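Reader: I have a protein model open and would like to learn how to read it. Could we go through it together, one question at a time?

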Amino acid sequence: MNTIAQHVSVYSQALNLRTQRHQILASNIANADTPRYQARDFDFAQAMQNALGGRLAGSVDMARTASAHLAGSGNASGAAQLMYRQETQSAVDGNTVDMDVERAQIADNALQYQILAQLIGDKFKGLSMALTPTTG
């Protein structure tokens, strides 16, 4: 039988990735006037696959030189592999932030976050109803 945590773990991981992506997109917007700033983003679908598979993108196992050492991972940044966004228009100062692209991406990401939050709320509402005793 699945636990409540297992029921919402996919949604939870997706919310965490959406939050991380929102921070990255906000950073791009904040640096729109910074010379030579390179816009960043990550592939959400790939990051979600990595998160569900329990893998860290680009992770490398650490060498254990003694049996008492704990096993670790070389990349603690999470399941998302941060990449540079493809340049859509050239800028004289070398900045690759396209505000139209960033606004569209941040709006889409916020909408997806709201959908996930609603799904989690609905899941808990259903669980709450299932646990509530009925009278009759």
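Reader: Is aspartate 100 buried, partly exposed or exposed?

Author: Keep in mind that this is a predicted model, and that the label depends on relative accessible area. The cut-off for exposed is over 50%. Aspartate 100 has 56% relative accessibility, so this residue counts as exposed.

Reader: Which residue forms a salt bridge with aspartate 100?

Author: Look about one helical turn away, because the two partners are 3 residues apart in helix H3. The partner has a relative accessibility of 47%, so it counts as partly exposed. The closest N and O atoms of the pair are 3.4 Å apart, and the partner of aspartate 100 is arginine 103.

Reader: How many salt bridges does the structure hold?

Author: The pair of aspartate 100 and arginine 103 is one of them. Arginine 21 with aspartate 41 is another, and so is arginine 85 with glutamate 102. For the structure, the count of salt bridges is 4.

Reader: How far apart in sequence are the parts that arginine 21 and aspartate 41 tie together?

Author: The closest N and O atoms of arginine 21 and aspartate 41 are 2.9 Å apart. Arginine 21 lies in helix H1, which covers residues 4-30, while aspartate 41 lies in strand E1, residues 40-41. The pair therefore ties together parts whose separation in sequence is 20 residues.

Reader: Are arginine 21 and aspartate 41 buried or exposed?

Author: A residue is called buried under 20% relative accessible area. Arginine 21 is at 6%, and aspartate 41 is at 11%. Both values fall under that cut-off, so arginine 21 and aspartate 41 are buried.

Reader: What is the relative accessible area of glutamate 102?

Author: Start with the salt-bridge partner, arginine 85, which is buried with a relative accessible area of 16%. Arginine 85 lies in the loop between strand E2 (83-84) and helix H3 (99-131), and glutamate 102 lies in helix H3, so the pair ties together parts that are 17 residues apart in sequence. Glutamate 102 is buried too, and its relative accessible area is 0%.

Reader: Which residues make up the nonpolar patch on the surface?

Author: One member, leucine 111, is found in helix H3. Leucine 111 is partly exposed, with a relative accessible area of 45%. Together the patch members have about 240 Å² of accessible area, and they are Leu111, Ile115 and Leu119.

Reader: Which elements give two or more residues to the largest nonpolar core?

Author: This core has 12 residues in all, among them Ala14, Leu17, Phe42, Met48 and Leu116. Phe42 is in contact with residues including Leu17, Ile24, Ala47 and Ala80, leaving aside its neighbours within four places in sequence. The elements asked for are H1, helix H2 (44-52) and H3.

Reader: Which pattern does the protein follow along the sequence?

Author: The parts to place in order are 3 helices and 2 strands. Read along the sequence, they give the pattern α-β-α-β-α.

Reader: What share of the contacts between residues at least 6 apart in sequence join residues at least 24 apart?

Author: A contact here needs heavy atoms within 4.5 Å. Among the contacts between residues at least 6 apart in sequence, the share that joins residues at least 24 apart is 71%.

Reader: How much of the protein is made up of buried residues?

Author: The accessible surface comes to about 9300 Å², of which 55% belongs to carbon and sulfur atoms. The protein has 136 residues, and the buried ones make up 24%.

Definitions and conventions
Residues numbered from 1 in each chain as written. Predicted model: local features only at pLDDT ≥ 70, side-chain atom pairs only at ≥ 80, totals over all residues. Heavy atoms only, no water. Salt bridge = Lys/Arg side-chain N within 4 Å of Asp/Glu carboxyl O. Helix = DSSP H or I, 4+ residues; strand = E, 2+ residues; numbered from the N terminus. Buried < 20%, exposed > 50% of the residue type's maximum accessible area, 1.4 Å probe, protein only. Patch = residues over 30% accessible without salt bridge, like charges linked within 9 Å, V, L, I, M, F, W, Y side chains within 5 Å. Areas by Shrake-Rupley, 256 points an atom, 1.4 Å probe, with all protein chains shown as cover. Core = buried A, V, L, I, M, F, W, Y, C linked by side-chain atoms within 4.5 Å.
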